[in-house]
Amino acid sequence: MNKTHQLERDSLGRLVLIDAKGERHIGVYPVRAFPITAPSSGIGIMNQSGKEVCWYPDVALIPSAELNLIEEELAAREFMPVIERITKVSTFATPSIWDIETDRGPTRIRLKGEEDIRRIAGNTLLIADSNGLQFLIKDSTQLDKVSKKLLDRFR
């Protein structure tokens, strides 16, 4: 990839893209093209109006200094805990309260309806709680026996 731009942080901590013409795009942010199914392919750098100002077709092509900045920004923007276990559900009807263990610790979510459990690809599921937070189950076949049994009641 030709070095036609530069990515840096300004004194206020904002991400800045300096393009090939020397124009500074202040407050840019990265967006993954396929955040769940192919997180390492395709990252766009968007300006504050939502217009793409830079495109990386593959994470492997991003220089390490820029990749560090992009990953810092993505970590602050992408909050999608991964469900590792479902320990309890209040009822097998909806709405119901689920006690779960995630990669970020234990929590409790409220499931409004079965339609809030969506299959993304293969055995990957996305669960939306009543507050709009998204929780990911990377592979439902890899859950423990109790979690699978509880989840099967809702699908």
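The paragraphs below lead through a predicted model, beginning with a small sheet and the helix across it, and then turning to the nonpolar cores and the aromatic side chains.

A convenient starting point is the open sheet formed by three strands in the order E1-E2-E3, in which the pairing is antiparallel. In general, the strands of a sheet pair through backbone hydrogen bonds, and they may do so in either a parallel or an antiparallel manner. Here the edge positions are taken by strand E1, residues 6-9, and strand E3, residues 24-26, each of which pairs on one side only. On average, and with direction ignored, neighbouring strands of this sheet are turned by 25° against each other. The antiparallel connection between E1 and strand E2, which covers residues 15-18, is made by four bridges, and within E2 it is leucine 15 that stands opposite arginine 9.

Across E1 and E2 lies helix H1, residues 64-77, which runs at about 55° to E1. This helix contains glutamate 73, whose contacts lead back to the strands just described: leaving aside residues up to four places away in sequence, glutamate 73 touches Arg9, Leu15 and Pro30. Glutamate 73 counts as buried because its relative accessibility is 17%, and the limit for that class is under 20%.

The next subject is the packing of nonpolar residues. In soluble globular proteins, nonpolar side chains tend to be buried together. The largest nonpolar core of this model has 16 residues, of which Ile86, Trp98, Ile117, Ile127 and Leu151 touch the most other members. At least two residues of this core are supplied by each of the following elements: strand E7 (83-89), strand E8 (96-102), strand E9 (105-111), strand E11 (124-128), strand E12 (134-137) and helix H2 (145-152). The largest share, three residues, comes from E7. A second core, separate from this one, consists of 14 residues and includes Leu17, Cys54, Ile62 and Ile70.

Isoleucine 127 can serve as a viewpoint within the largest core, since it is one of the residues there that touch the most other members. When residues up to four places away in sequence are not counted, the contacts of isoleucine 127 include Ile83, Trp98, Ile109, Leu111 and Ile117, together with Leu133, Phe135, Ile137 and Leu151. Asp116 and Gln134 are also among the residues that isoleucine 127 touches.

Trp98 leads on to the aromatic side chains, for ring pairs link Phe92, Trp98 and Phe154 into a cluster. The structure holds two aromatic pairs. In one of them, phenylalanine 92 and phenylalanine 154 are tilted, with 6.2 Å from centre to centre and 50° between the planes. This pair links distant parts of the chain, 62 residues apart, with phenylalanine 92 in the loop between E7 and E8 and phenylalanine 154 in the segment after H2. Phenylalanine 92 is partly exposed, having a relative accessible area of 39%, whereas phenylalanine 154, at 3% relative accessibility, counts as buried.

Tryptophan 98 and phenylalanine 154 form a tilted pair as well, at 5.1 Å centre to centre and with 50° between the planes. Because tryptophan 98 lies in strand E8 and phenylalanine 154 in the segment after H2, this pair ties together parts that are 56 residues apart in sequence. Both tryptophan 98 and phenylalanine 154 are buried. Finally, arginine 153 lies over the face of phenylalanine 92, at 4.0 Å from the ring centre.

How values were computed:
Residues are numbered from 1 along each chain as its sequence is written. This is a predicted model: local features need pLDDT of at least 70, side-chain atom pairs count only at pLDDT 80 or more; totals for chains, interfaces and linings use all residues. Side-chain values use heavy atoms; hydrogens and water are left out. A nonpolar core is a set of buried Ala, Val, Leu, Ile, Met, Phe, Trp, Tyr and Cys residues joined through side-chain atoms within 4.5 Å. Buried means under 20% relative accessible area, exposed over 50%, partly exposed in between (1.4 Å probe, protein chains only). Contact means heavy atoms within 4.5 Å. Two strands pair if DSSP finds at least two bridges between them. Axes are lines fitted to C-alpha atoms, for helices over the stretch in contact, and angles run from 0 to 180 degrees between N-to-C directions. Rings of Phe, Tyr and Trp (its six-membered ring) pair if their centres lie within 6.5 Å; planes under 30 degrees apart count as stacked, over 60 as edge-to-face and the rest as tilted. A charge sits over a ring if NZ of Lys or CZ of Arg is within 6 Å of the ring centre and within 35 degrees of the ring normal.
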